[in-house]
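Me: I would be grateful for a close look at one part of this structure. Please choose a helix and explain how it is placed among its surroundings.

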Amino acid sequence: MNKYLLERYPTIWNTHIVWVLPLALLAQVLFFIGGFCLINDDMHYSIYSSYEGIPLILNLIVSVLLLVGWLIYLFRNNALQHFYPLKARQLFGQFVCFFLTILLSISLEVPFFAGQKAKAHWRYTDSYIDEVLHYYPEDYQMYDYTDYYPQEQVEEYYIAQNAQRLKETDFKYCVYEPLQMFVILSFFMAMVLFCIRATGLRTFLFSVVFSGVLSLLVTMLAILFIPLTEFTSYYDEECAMGLFLLTYVVVLVLSLKLQGKIRKLFSGVLLNVSITFFGLAFFFLGYLLIKVLYHFIYLASISEDYYDYNTFNT
């Protein structure tokens, strides 16, 4: 098996995802089943508290075991530090493998809540919820009147209310937003892992120090120069992003131009900074382009309205 992968799919063999991805997918399925089975008629608490305790502890344990076990095997073979010739698509393939492995290993909370929502849609229909809740106002609080209603009616009210919350509001905050957070975190962790694999842990630590010092200098420049003019003070956020982008472009150009011309440690530091902050720089660039496009459209609409107004008056 190893020989087959090494000869035909070296990227898969080198990243060891052939065993960690099935385990991560199995963990995702088991957490989905756990969330599905947890929803029952005795659930009178919020979905947020349903993940506290055993599910959260199991998530941490499983995620740590998957990642630590994978990293132990991953650092046994490092084609980059042994100068094994790799093509650009193979390097990109390694990064994608890192990203998928980390994402599937740490995002076990998402299938857990997805399983709860699936159980709520399957077990508690909209007609059942409407039949129970339509007798009560929207801002009705049952706990103020628990002494006046039979216990069965109180329980039925809470079951329908929790089911409605789970099917509508809570899913957005417990699935979509955590998934976005896990994607961003996995992307950053994959970049860090790729940098360590490419340049070594010592060089990466120097890169962290260099990034901190450089960020401090850029922040001081922004504090000193942005308030100097009315234009920069009005667009302070955009100017700060532009200063960061300019700094990143300088580091990126130096990283490309000085490869092989300076010490390996310095070139590795520049390479790590270029890779690690690529995502943030891309986000800032997109944000600034959208802002510039919006201002152009806004100015064009104002000019058109002004022209129409003058034409109407004449």
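Reply: In this predicted model, residues 24 or more positions apart account for 82% of the contacts in the protein chain with a separation of 6 or more. The protein chain comprises 14 helices and zero strands, and 37% of its 314 residues are buried. The part selected for the close look is helix H4, residues 54-74.

The partner that precedes H4 may be considered to begin with. Helix H3 covers residues 17-38. The axes of H3 and H4 come within 10 Å and cross at roughly 175°. An angle over 145 degrees counts as roughly antiparallel, and H3 and H4 are therefore roughly antiparallel to each other. On the side of H3, the contact is made by Ile 17, Trp 19, Val 20, Leu 23, Ala 24, Ala 27 and Phe 31. On the side of H4, Pro 55, Leu 58, Asn 59, Val 62, Leu 66, Gly 69, Trp 70 and Tyr 73 take part. Sorted by class, the residues of this contact are 13 nonpolar, two polar and no charged.

The next partner of H4 is helix H5, which spans residues 88-106. The two helices pack at an angle of about 155°, and their axes are 8 Å apart. Because of this angle, H4 is roughly antiparallel to H5. H4 contributes Asn 59, Ser 63, Leu 66, Leu 67, Trp 70 and Leu 74 to the contact, while H5 contributes Phe 98, Thr 101, Ile 102, Ser 105 and Ile 106. Here the classes are seven nonpolar, four polar and no charged residues. Asn 59, Leu 66 and Trp 70 of H4 take part in the contact with H3 and also in the contact with H5.

Trp 70 leads from these helix pairs to the interior. In soluble globular proteins, nonpolar side chains tend to be buried together. In this model, the largest nonpolar core has 28 residues, of which Ile 17, Trp 70, Phe 98, Ile 102 and Ala 190 touch the most other members. At least two residues of this core come from each of H3, H4, H5, helix H6 (109-123) and helix H9 (169-199). The largest share, eight residues, is supplied by H5. Ile 102 illustrates how H4 joins this core: leaving aside its neighbours within four places in sequence, Ile 102 is in contact with Leu 67, Trp 70, Ser 186, Met 189 and Ala 190. Apart from this core lies another, of seven residues, including Met 241, Ala 281, Phe 284 and Leu 288.

Leu 65 shows another side of the helix. Leu 65 is placed in H4, yet it counts as exposed because its relative accessibility is 60%, and the cut-off for exposed is over 50%. Leu 65 and Ser 105 are 40 residues apart in sequence, and their C-alpha atoms are 9.2 Å apart in space.

A further helix pair offers a comparison with H4. The axes of helix H10 (residues 201-225) and helix H12 (residues 236-257) come within 10 Å and cross at roughly 140°. This angle makes H10 oblique to H12, whereas H4 is roughly antiparallel to H5. The crossing of H10 and H12 is right-handed. Their contact involves Leu 214, Val 218, Leu 221 and Ala 222 of H10, together with Leu 243, Thr 247 and Val 251 of H12. By class, these residues are six nonpolar, one polar and no charged.

Conventions. Residues numbered from 1 in each chain as written. Predicted model: local features only at pLDDT ≥ 70, side-chain atom pairs only at ≥ 80, totals over all residues. Heavy atoms only, no water. Axes fitted to C-alpha atoms, helices over the stretch in contact; angles between N-to-C directions. Helix = DSSP H or I, 4+ residues; strand = E, 2+ residues; numbered from the N terminus. Parallel < 35°, antiparallel > 145°, perpendicular 65-115°, else oblique. Contact = heavy atoms within 4.5 Å. Nonpolar A, V, L, I, M, F, W, Y, C, P; charged D, E, K, R; others polar. Core = buried A, V, L, I, M, F, W, Y, C linked by side-chain atoms within 4.5 Å. Buried < 20%, exposed > 50% of the residue type's maximum accessible area, 1.4 Å probe, protein only. Left-handed = near helix turned anticlockwise from the far one by under 90°.
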